[in-house]
Amino acid sequence: MGFSGLISIVFLAELCFAIVAAFFPNALTLYALDRPMLKALQGVGVQVLIMAVESGSQRVLKEVMKKPLNQKIQRRVFEDCRELGIDTDVNIIIGMPGETKEDIEDARVFLKELYGTWFRIYAAVPLEGSDMYKEAVAKGYLTDGYINGDFKKAVIETEDWTAEYIQRACYSMNLDLNFITNSEMRLGNFARALTEFENTISVKDDHAFAYYFASKCHEKLENFQKALEYDEIFKSIMANTEPLTRSGKGHPCPVCNRTKDADCAFNDNGVYCHNNTGHQPGKYEQNGYIYRKDTSDGRCGVFSRPRARRLRGRLP
């Protein structure tokens with residue numbers, strides 16, 4: 001190899017790193033990822049790509065989002081990534097004005113066919129000045145408590161669905177795509193699936209689904225002692241889980257007395273209070289409940305009675 005050839009390879013490597021760092025800090029645009037580009041990224045050591053799939057519904061991509069992307073491109077990019085050994089971290093947005101419940105379910109079905117490594121489901125939030133924001137304001141779609149830029153909380157309601165429906169759809173799709181129909185498990189890549197389940201456990205150590213499916217992975221990998229350990233933790237969590245009541249008319253939040261929406265949730269063990277976050281654990285008290293911590297997504301403060309059992313609950 002001549003000196004000029006060596007320079008070309010070094011330049012290509014540096015260029016790939018520069019592209020990833022400068023132009024794709026949050027997610028990669030799929031239509032820009034042909035196989036030569038993916039091979040170049042693989043060649044400089046890229047092992048995982050964050051993919052801006054945005055929607056699994058062709059109608060939403062074309063008619064609502066106005067994106068130059070179609071499902072044929074999506075399939076091709078994901079197939080290439082899997083053949084090249086590149087993991088995919090998939091960003092999905094649901095709850096756009098103009099999107100229907102049928103679109104969301106169509107997206108759920110299609111996304112399972114992509115076999116992404118992990119999926120992150122976000123609620124659509126209009127940024128000020130955007131076309132979505134202008135439409136949401138003009139049509140009265142924004143709910144009370146709108147927070148600009150918080151993609152973890154649904155704030156749009158249309159003629160087709162409520163913000164609460166989108167919030168629950170995000171949660172349901174997360175459990176379905178990442179756990180119940182996990183791509184790596186369906187492909188027999190149990191060690192890779194296990195990595196994500198144990199990552200989830202490290203962040204949320206009472207995640208029943210993560211323990212259950214991690215147990216199944218360990219069983220397939222013949223780590224029977226660990227499989228049994230995780231299965232026992234899963235059973236313990238489920239045995240101590242009580243349904244949560246959402247705040248609303250006739251069901252005020254025990255901490256903040258919220259009734260205008262379903263943002264707070266509670267059971268006999270404690271309260272997830274939307275109005276109270278960021279306090280000093282163990283030092284803040286309201287209505288006889290003591291603040292313990294914030295939830296992992298920062299949306300709610302976790303409160304419990306003094307010496308109460310740890311708050312666990314299954315959202316109704």
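Strands are DSSP runs of E spanning at least two residues, numbered from the N terminus. In this predicted model, two such strands, β8 (285-286) and β9 (289-294), are joined by a loop that contains Asn287. The backbone of Asn287 adopts a positive phi of about 55°, although the residue is not a glycine. Most residues other than glycine have a negative phi. Asn287 is partly exposed, its relative accessible area being 42%. A positive phi of about 55° is also found at Tyr115, again a residue that is not a glycine. Tyr115 is located in the loop between α5 and β3, and with a relative accessible area of 29% it is classed as partly exposed.

Val302 was examined in relation to Tyr289. Val302 is placed in strand β10, which covers residues 301-304. The C-alpha atoms of Val302 and Tyr289 are separated by 9.4 Å, and the two residues are 13 residues apart along the chain. Val302 has a relative accessibility of 8% and therefore counts as buried, the cut-off being under 20%.

Aromatic contacts were considered next. Eleven aromatic pairs are present in the structure. One of them is formed by Phe179 and Phe197, whose ring centres are 5.5 Å apart; because the planes meet at 20°, the pair is stacked. This pair links distant parts of the chain, with Phe179 in helix α7 (residues 163-180) and Phe197 in helix α9 (residues 190-203), 18 residues apart. Both rings belong to buried residues: the relative accessible area is 1% for Phe179, and the relative accessibility of Phe197 is 0%. A contrasting geometry is seen for Tyr211 and Tyr230, which form an edge-to-face pair with 5.4 Å from centre to centre and 80° between the planes. Tyr211 belongs to helix α10 (residues 208-220) and Tyr230 to helix α11 (residues 224-239), so this contact ties together parts that are 19 residues apart in sequence. Tyr211 is buried at 7% relative accessibility, and Tyr230 is buried at 9%. Beyond individual pairs, Trp118, Phe179, Phe197, Phe209, Tyr212, Phe213 and Phe234 are linked by ring pairs into a cluster.

Charged contacts were then analysed. Side chains of opposite charge can pair when their charged atoms come close. The structure contains 22 salt bridges. In one of these, Lys67 meets Glu54 with an N to O distance of 3.5 Å. Since Lys67 is located in the loop between α3 (58-64) and α4 (71-84), whereas Glu54 belongs to strand β1 (residues 48-54), the pair ties together parts that are 13 residues apart in sequence. Lys67 is partly exposed, at a relative accessible area of 34%.

A salt bridge also joins Asp89 and Arg120, with the closest N and O atoms 2.7 Å apart. Here the partners come from two strands, Asp89 from β2 (residues 87-94) and Arg120 from β3 (residues 118-123), so that parts 31 residues apart in sequence are tied together. The two partners fall into separate accessibility classes: Asp89 is buried at 13% relative accessibility, whereas Arg120 is partly exposed, with a relative accessible area of 35%.

The side chains of Lys153 and Asp263 form a salt bridge of 2.9 Å, N to O. Lys153 is in the loop between α6 (131-138) and α7, and Asp263 is in the loop between β5 (245-246) and β6 (265-267); the pair therefore ties together parts that are 110 residues apart in sequence. Lys153 is buried, with a relative accessible area of 5%, and Asp263 is likewise buried, at 13%. In addition, Arg35, Arg76, Asp80 and Glu83 are joined into one network by salt bridges that share partners.

On the surface, a patch of negative charge is made up of Glu102, Asp106, Glu159 and Asp160. Within this group, Glu102 is situated in helix α5 (residues 101-114). Glu102 is classed as exposed because its relative accessible area is 55%, against a cut-off of over 50%.

Methods
Residues are numbered from 1 along each chain as its sequence is written. This is a predicted model: local features need pLDDT of at least 70, side-chain atom pairs count only at pLDDT 80 or more; totals for chains, interfaces and linings use all residues. Side-chain values use heavy atoms; hydrogens and water are left out. Patches are made of residues with over 30% relative accessible area and no salt bridge: like charges are joined within 9 Å, nonpolar side chains (Val, Leu, Ile, Met, Phe, Trp, Tyr) within 5 Å. Accessible areas come from the Shrake-Rupley method with a 1.4 Å probe; for residues, only the protein chains shown count as cover. A salt bridge is a side-chain nitrogen of Lys or Arg within 4 Å of a carboxyl oxygen of Asp or Glu. Lys and Arg count as positive and Asp and Glu as negative; His and the chain ends are not counted. The place of a charge is taken as NZ of Lys, CZ of Arg, CG of Asp or CD of Glu. Helices (H or I, at least four residues) and strands (E, at least two) are DSSP runs, numbered from the N terminus. Buried means under 20% relative accessible area, exposed over 50%, partly exposed in between (1.4 Å probe, protein chains only). Rings of Phe, Tyr and Trp (its six-membered ring) pair if their centres lie within 6.5 Å; planes under 30 degrees apart count as stacked, over 60 as edge-to-face and the rest as tilted.
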